Amino acid sequence: HEGSGSEQDDSSYSDYSASLSPVQLYRVYEDEHEDQNLYLQYPEKVKELAEDLFSILRSGRSTPGDIQPNHGDTNSWKQVEKTILTLKQIGIGVDNF
């Protein structure tokens, strides 16, 4: 499904407002076509999911166990840096990363 891709070419989606949003949050069981972006209605959920993501990146894993490197010494790469900037744009700071 092309609708959820953040790197998609938006030229063919002039009416697809979610593609213009910095963050995408959907209830896929109720909205399988991802037509209604809910990130503005649930900022606390976006923050919770962002915290979960960066916790996983910091520890190098999503399961219990020893911390392991994820991507070199910094556990960061271009997409992570872009995500941090995007979250800051909508008022969600990322601490300790």
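Helices here are DSSP runs of H or I with at least four residues, strands are runs of E with at least two, and both are numbered from the N terminus. This is a predicted model, where local features need pLDDT of at least 70, side-chain atom pairs count only at pLDDT 80 or more, and totals for chains, interfaces and linings use all residues. Residues are numbered from 1 along each chain as its sequence is written, and side-chain values use heavy atoms, with hydrogens and water left out.

**View 1. The Lys45–Glu48 pair sits in helix α1.** These two residues are three apart, about one turn of the helix. An α-helix has 3.6 residues a turn, so residues three or four places apart point the same way. The side chains of Lys45 and Glu48 form a salt bridge, at 3.4 Å from N to O (a salt bridge puts a side-chain nitrogen of Lys or Arg within 4 Å of a carboxyl oxygen of Asp or Glu). Searching the whole structure turns up one salt bridge. Lys45 is partly exposed at 33% relative accessible area, and Glu48 is partly exposed too, at 37%. For the cut-offs, buried is under 20% relative accessible area, exposed is over 50% and partly exposed is in between, with a 1.4 Å probe and protein chains only.

**View 2. Helix α1, end to end, has 17 residues.** At 1.5 Å a residue they should span 24 Å, and the end C-alpha atoms are indeed 24 Å apart, so the two values agree (the expected span is 1.5 Å times one less than the number of residues). Val46, Ala50, Phe54, Leu57 and Ser59 are the buried residues to look for in α1. What do the buried residues of α1 pack against? They pack against α2. Just after the helix comes Gly60, with a positive phi near 80°.

**View 3. The largest nonpolar core has 13 residues.** A nonpolar core here is a set of buried Ala, Val, Leu, Ile, Met, Phe, Trp, Tyr and Cys residues joined through side-chain atoms within 4.5 Å. Val46, Phe54 and Leu87 touch the most other members. The elements giving two or more residues to this core are α1 and α2 (78-89), and α1 brings the largest share, four residues. In soluble globular proteins, nonpolar side chains tend to be buried together.

**View 4. Leu87 lies in helix α2.** Leu87 is buried, at 6% relative accessibility. Setting aside neighbours within four places in sequence, Leu87 is in contact with Val46, Ala50, Phe54, Ile92 and Val94 (contact means heavy atoms within 4.5 Å). Take the Val46 partner: Leu87 and Val46 are 41 residues apart in sequence, and their C-alpha atoms are 9.0 Å apart in space.

**View 5. Asp31 is found in the segment before α1 (43-59).** Is Asp31 buried or exposed? Asp31 is buried yet has no salt bridge, and the nearest side chain of opposite charge, Arg27, is 9.2 Å away. For charges, Lys and Arg count as positive and Asp and Glu as negative, while His and the chain ends are not counted. Beyond its neighbours within four places in sequence, Asp31 is in contact with Tyr26 and Gln36.

**View 6. Zooming out, the protein has two helices and zero strands.** Of its 97 residues, 28% count as buried. Among contacts with a separation of 6 or more, 31% involve residues 24 or more positions apart.
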